[in-house]
Amino acid sequence: MTILNINGKSRKTHLPPDTPLLWLLRDELGLTGTKFGCGIAMCGACTVHMDGQPIRACVTPISAAEGKAIVTIEAIAQDAVGKKVQDAWLDLCVPQCGYCQSGQIMAATALLKQKPQPDDADIDKAMSGNICRCGTYPRIRAAIKQVAAKAEVQP
Ligand code: FES
Ligand code: FES
């Protein structure tokens, strides 16, 4: 049995320890906001946070998540920065089909929590692993900049 902390709750699973975290989230826990795209860590659709870092749930075994705090898109609005990111996404109508967008929001939130006022290079680096087949990149960048512009200047 593996015990995981997901969105602040303790969750038990009897899945084999090498099961990808994404399988647990979507199939066992019904947290379907996190998407399956490529399954090989290439598209970012499955991005969740593990101890605040963006990770690819499709290639992260549940054994690696034991003892860590996992946060998915379902709980990101409970985070002050995550809420601002979601609000900016709505403000600027970022999503098109929407499939990649939970991963995009998780990646953007992790970036802004680590660096409240990222420059273009920071944004490129942080978001380069999140692919959008609809090409919403300009609006993603604008939304990140909108959150950054409203961030308090860090001492
Ligand atoms: S589904 Fe995990 S990176 Fe594509
Ligand atoms: S909004 Fe369609 S894949 Fe990104």
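**Close-up views of helix packing and the sheet**

**View 1. Helix 3 and helix 6 are oblique to each other.** In this predicted model, the axes of helix 3 (residues 80-91) and helix 6 (residues 137-150) approach to within 9 Å and cross at roughly 130°, an angle that falls outside the 65 to 115 degrees counted as roughly perpendicular and is not over 145, the bound for roughly antiparallel, so the pair is classed as oblique. The crossing of helix 3 and helix 6 is right-handed. On the side of helix 3 the contact involves K84, V85, A88, W89 and D91, which meet I140, A143, I144, Q146, V147 and K150 of helix 6. Sorted by class, the residues of this contact between helix 3 and helix 6 comprise seven nonpolar, one polar and three charged.

**View 2. Helix 5 meets helix 6 in a right-handed crossing.** The axes of helix 5 (residues 120-127) and helix 6 come within 11 Å of each other, and they cross at roughly 120°, which makes helix 5 oblique to helix 6. Helix 5 contributes D120, I123, D124 and M127 to the contact, while helix 6 contributes I140, R141, I144 and K145. The contact of helix 5 with helix 6 contains four nonpolar and four charged residues, with no polar residue. I140 and I144 of helix 6 are listed in the contact with helix 3 and also in the contact with helix 5.

**View 3. Five strands form an open sheet with mixed pairing.** The strands of this sheet follow the order 2-1-5-3-4, with strand 2 (9-13) and strand 4 (53-56) as the edge strands, each of which pairs on one side only. Neighbouring strands of the sheet are turned against each other by 40° on average, when direction is ignored.

**View 4. Strand 3 and strand 5 run antiparallel within the model.** Strand 3 (residues 47-50) is joined to strand 5 (residues 69-71) by two bridges. Within this part of the structure, M50 stands opposite I70 in strand 5.

**View 5. Helix 1 and helix 4 each lie across strands, helix 1 across strands that include strand 1 and helix 4 across strands that include strand 3.** Helix 1 (residues 21-28) lies across strand 1 (2-6), strand 2, strand 3, strand 4 and strand 5, and its direction is at about 75° to strand 1. Helix 4 (residues 101-114) lies across strand 3, strand 4 and strand 5, and runs at about 35° to strand 3.

Note on methods: Residues numbered from 1 in each chain as written. Chains lettered and ligands numbered in written order. Predicted model: local features only at pLDDT ≥ 70, side-chain atom pairs only at ≥ 80, totals over all residues. Heavy atoms only, no water. Axes fitted to C-alpha atoms, helices over the stretch in contact; angles between N-to-C directions. Helix = DSSP H or I, 4+ residues; strand = E, 2+ residues; numbered from the N terminus. Parallel < 35°, antiparallel > 145°, perpendicular 65-115°, else oblique. Left-handed = near helix turned anticlockwise from the far one by under 90°. Contact = heavy atoms within 4.5 Å. Nonpolar A, V, L, I, M, F, W, Y, C, P; charged D, E, K, R; others polar. Pairing = 2+ DSSP bridges.
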